[in-house]
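Trainee: I would like to go through the reasoning behind some of the terms applied to this model. May we take them one at a time?

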Amino acid sequence: MHKKFALALSLFLLAALPAPAQSLMPVCGSSGDLLFQNFPPHFMENPPEDLPALFASYDRDYFSLLQERDDLIFSRESRRSWPDSRLLPNHFLRQTEFNLSNALARFYSTGTRPYDLQLSPLFILSPSNDPAAFATGRTVLLNEGLVAFFLAPQTFLDDLLASRKSSSLSDEDRARIRAAFSWQDDWPSLYFLLAHEAAHNLLKHPDQRILQTATSKMLDHYAQRARDQRHDLSFGKIGFGTKFARFFSESNPSFDSLLDDSSRQRDSEENADALALYLLADAGLDPDAARLALDRLALLLDDSILKGGLLRRSICNDRSALRDRSSRLASHLSCIRSSGRFCGAISAFSIPETMQASRQRLADIETYRRTTQEITSRNPQDSPSDIIVRIEVKPKDALLTVDGSPLHPGSFQLQEGPHTLSVSRDGYLTETRQIVVFPDIQLKLKIDLKKQK
Ligand SMILES: [Zn+2]
């Protein structure tokens, strides 16, 4: 079962590969779109039937499955089809990629011991002019726009200003904007943003968003469906053989917003910033660069440079979020400076604990569904208990039979399990209904007969 699933998954991944460049288009909330695609229901043709298989394979191969996916998406082969950079010369990009790959390897090796996590350093410069950065859980991506912004801001501005209607900016505006971005080769800021993304991976924040946020939402939907199914069987609204309906399609829109929820991310941003300072210091780089990096990015959103800002968001933060991050960095910085370590423990998300909780929850839902099935196909004679139900009929003098025996409408006891109700009266259409009595559902029914024509 598991092998088959993994194979189907790999085939799906291969089939889904042709458009990697689009999948890198920035969606705020770091790698929201990548995470969204990595979320398993997107791989599966029949998610409900495969849910236990999905959890089993996640349990054993969670890391290798997602690593495989990163390896495929970012392989040399598939990157060949990515668009060429419009901002920076190729040889410069390759050299930059090489430098940042080495720095990432250093950051990961610093994090290996405290976080007991061996990540293979995969760094990618992604072909987008948007100044953004991403962490997939394993890979770190910086957009070319972000690299250009720090190393050659005037080139970055050329592209940004060209995309605006030329009439909307006066020469004076343009001169003021250019003067505000007058640095060159700001490597320390770039290293900070790389360290920040590396920290997200070391703290397993992307995994947290998939496994905790999205999975719990998926299980919520599954549990609700299981309750609805029992309720519908009880009231005779669905036949006993009705297939369990899909639920992932309904969950998907809310996953999108969950993965994008910026208030939830505040803590993880602050922790990634704090750990980044430590990674920088340990690598002999300058942690003081962090505030400057955020302050420079905030210039893109600054009203005094251009009304409304040049951009509305940068690295997925609005102006106040960037300012908050920058000010919270101050206390972490003084700690690093005095002690050489970060203050307070920054703990990583625990994958095994979350998987254990999700597995338990899934098992509970499956048990509930099996019990539904068992009670539905039970012989009521064998039932351990009687449950009070209330069945009314209209017109009031109609004849009610339950399993062939006449009963007075109103409240009475029925044994758990399936029963056949029949309501009839002269001049009316007889109604027959299959119901199921469950211990946890209050069955109150009113059967209203239709007149014979
Ligand atoms: Zn972040």
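Trainee: Why is serine 101 called partly exposed?

Mentor: In this predicted model, serine 101 has 17 other C-beta atoms within 10 Å. A buried residue would need 20 or more, and an exposed one 12 or fewer. The count of 17 lies in between, so serine 101 is partly exposed.

Trainee: Where is serine 101 found, and which residues does serine 101 touch, not counting residues up to four places away in sequence?

Mentor: Helix α6, residues 90-115, contains serine 101. With residues up to four places away in sequence left out, serine 101 touches Pro121 and Phe123. Leucine 125 is 24 residues from serine 101 in sequence, and their C-alpha atoms are 9.8 Å apart.

Trainee: What makes α7 oblique to α8?

Mentor: The axes of helix α7 (residues 144-151) and helix α8 (residues 153-162) cross at roughly 130° and come within 5 Å. Roughly perpendicular covers 65 to 115 degrees and roughly antiparallel starts over 145. The angle of roughly 130° fits neither class, and therefore α7 is oblique to α8.

Trainee: Which residues make that contact, and how do they divide into nonpolar, polar and charged?

Mentor: Helix α7 contributes Gly145, Ala148 and Phe149, while α8 contributes Pro153, Thr155 and Phe156. Four are nonpolar, two are polar and none is charged.

Trainee: What percentage of the protein chain is buried?

Mentor: Of the 453 residues in the protein chain, 34% are buried. The chain has 16 helices and 10 strands.

Methods. Residues numbered from 1 in each chain as written. Predicted model: local features only at pLDDT ≥ 70, side-chain atom pairs only at ≥ 80, totals over all residues. Axes fitted to C-alpha atoms, helices over the stretch in contact; angles between N-to-C directions. Helix = DSSP H or I, 4+ residues; strand = E, 2+ residues; numbered from the N terminus. Parallel < 35°, antiparallel > 145°, perpendicular 65-115°, else oblique. Contact = placed C-beta atoms within 7 Å. Nonpolar A, V, L, I, M, F, W, Y, C, P; charged D, E, K, R; others polar.
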